[in-house]
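Trainee: Before I use any labels for this protein, I would like to go through them with you and hear the reasoning behind each one.
Mentor: Then let us put the structure up and take the labels one at a time.

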Amino acid sequence: VMEIELFEDAAPNTVASFIYLVERGFYNLKTFFRVEEHSVAQCGCERSDGTSNAGYVIEGEMNRPNRRFNFRGSLVLITGINEQSKQPDLNSGSSQFWMMQMAQPAIDETMTTFGRITQGQHIL
């Protein structure tokens with residue numbers, strides 16, 4: 001069993017979306033389809049290939065003054081890449097998230113950290 005704490009103060013829209021999806025069973029039976037040692041465990045894709053979302057996107061919250069930075073055990077909402085510019089699309093987060101196996105500071109400017117594992121981090 002893993003328990004998590006959500007950072008409502010730092011990422012209110014991301015947390016609200018995550019709770020909405022959890023309450024509707026969106027994540028039930030979803031697999032962690034991408035697990036990279038010393039990097040991330042990825043979940044939240046209908047097809048388990050990183051190409052689908054919840055049917056909507058939300059605005060990124062990585063630029064809020066009280067934002068959180070990622071660290072081992074944090075939950076990070078994944079953003080996509082703009083097909084035309086090939087740059088991160090900061091407003092493309094939806095249902096896919098990473099559980100961080102170690103801090104990766106390079107993603108703090110493009111992805112929203114919205115929670116952390118409080119119990120069960122050894123499972124990660």
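Trainee: How many disulfides does a search of the whole structure find?
Mentor: In this predicted model, the search of the whole structure finds 0 disulfides.

Trainee: How do you know that C43 is in no disulfide?
Mentor: The cysteine sulfur nearest to that of C43 belongs to C45 and is 9.1 Å away, whereas a disulfide requires two cysteine sulfur atoms within 2.5 Å, so C43 is in no disulfide. The case of C45 is put in the same way, for its nearest cysteine sulfur is that of C43, at 9.1 Å, and C45 is in no disulfide either.

Trainee: What makes C43 and C45 buried or exposed?
Mentor: The label buried is given under 20% relative accessible area; C43 has 3% relative accessibility and therefore counts as buried, and C45, at 1%, counts as buried as well.

Trainee: Why is S74 called buried, and where is it found?
Mentor: S74 is found in strand β4, which covers residues 74-77, and because its relative accessible area is 0%, against a cut-off of 20%, it is called buried. Leaving out residues up to four places away in sequence, S74 touches W98, M99, M100, T113, G115 and R116.

Trainee: What makes the pair formed by the side chain of S74 and the backbone oxygen of F71 a polar contact?
Mentor: A polar atom of the S74 side chain lies 2.8 Å from the backbone oxygen of F71, and since the limit for such a pair is 3.5 Å, the distance fits a polar contact.

Trainee: How do you know that the span of helix α1 agrees with what is expected?
Mentor: Helix α1 has 12 residues, 12-23, and at 1.5 Å a residue it should span 16 Å; its end C-alpha atoms are 16 Å apart, so the two values agree. After α1 comes G25, which has a positive phi near 80°.

Trainee: Why are the buried residues of α1 said to line one face of the helix?
Mentor: Those residues are T14, V15, S17, F18 and L21, and seen down the axis of α1 they fall within an arc of 160°, which is why they are said to line one face. They pack against β1 (3-6), β4, β7 (97-100) and β8 (112-119).

Trainee: Which residues have the most contacts inside the largest nonpolar core?
Mentor: That core has 15 residues, and those with the most contacts inside it are F18, Y27, L75, F97, M99 and F114. Two or more residues each come from α1, β3 (40-43), β4, β7 and β8, and the largest share, 3 residues, is that of α1. In soluble globular proteins, nonpolar side chains tend to be buried together. L75, leaving aside neighbours within four places in sequence, is in contact with residues including I4, F18, F97, M99, F114 and I117. There is also a second, separate core of 7 residues, among them V40, V76, I107 and M111.

Trainee: Why is Q101 called buried although it lies in a loop?
Mentor: Q101 lies in the loop between β7 and β8, but the label rests on accessibility, and because its relative accessible area is 12%, under the 20% cut-off, Q101 is buried. Its side chain reaches the backbone nitrogen of H38 at 2.8 Å, and among the residues that Q101 touches beyond four places in sequence are V35, E37, S39, R72 and L124.

Trainee: What makes H38 and L29 exposed?
Mentor: Exposed means over 50% relative accessible area; H38 has 55% and is therefore exposed, and L29, at 87% relative accessibility, counts as exposed too. H38 lies in the loop between β2 and β3, while L29 lies in the loop between α1 and β2 (34-35).

Trainee: What is the phi of each of these two residues?
Mentor: L29 has a positive phi of about 65° although it is not a glycine, and H38, also a residue other than glycine, has a positive phi near 60°.

How values were computed. Residues are numbered from 1 along each chain as its sequence is written. This is a predicted model: local features need pLDDT of at least 70, side-chain atom pairs count only at pLDDT 80 or more; totals for chains, interfaces and linings use all residues. Side-chain values use heavy atoms; hydrogens and water are left out. Helices (H or I, at least four residues) and strands (E, at least two) are DSSP runs, numbered from the N terminus. Buried means under 20% relative accessible area, exposed over 50%, partly exposed in between (1.4 Å probe, protein chains only). A polar contact is a pair of N or O atoms within 3.5 Å; within protein, one must be able to donate a hydrogen and the other to accept it, and residues adjacent in sequence count only if both atoms are side-chain atoms. Contact means heavy atoms within 4.5 Å. The expected span of a helix is 1.5 Å times one less than its number of residues. The arc is that of the directions from the helix axis to the C-beta atoms. A nonpolar core is a set of buried Ala, Val, Leu, Ile, Met, Phe, Trp, Tyr and Cys residues joined through side-chain atoms within 4.5 Å.
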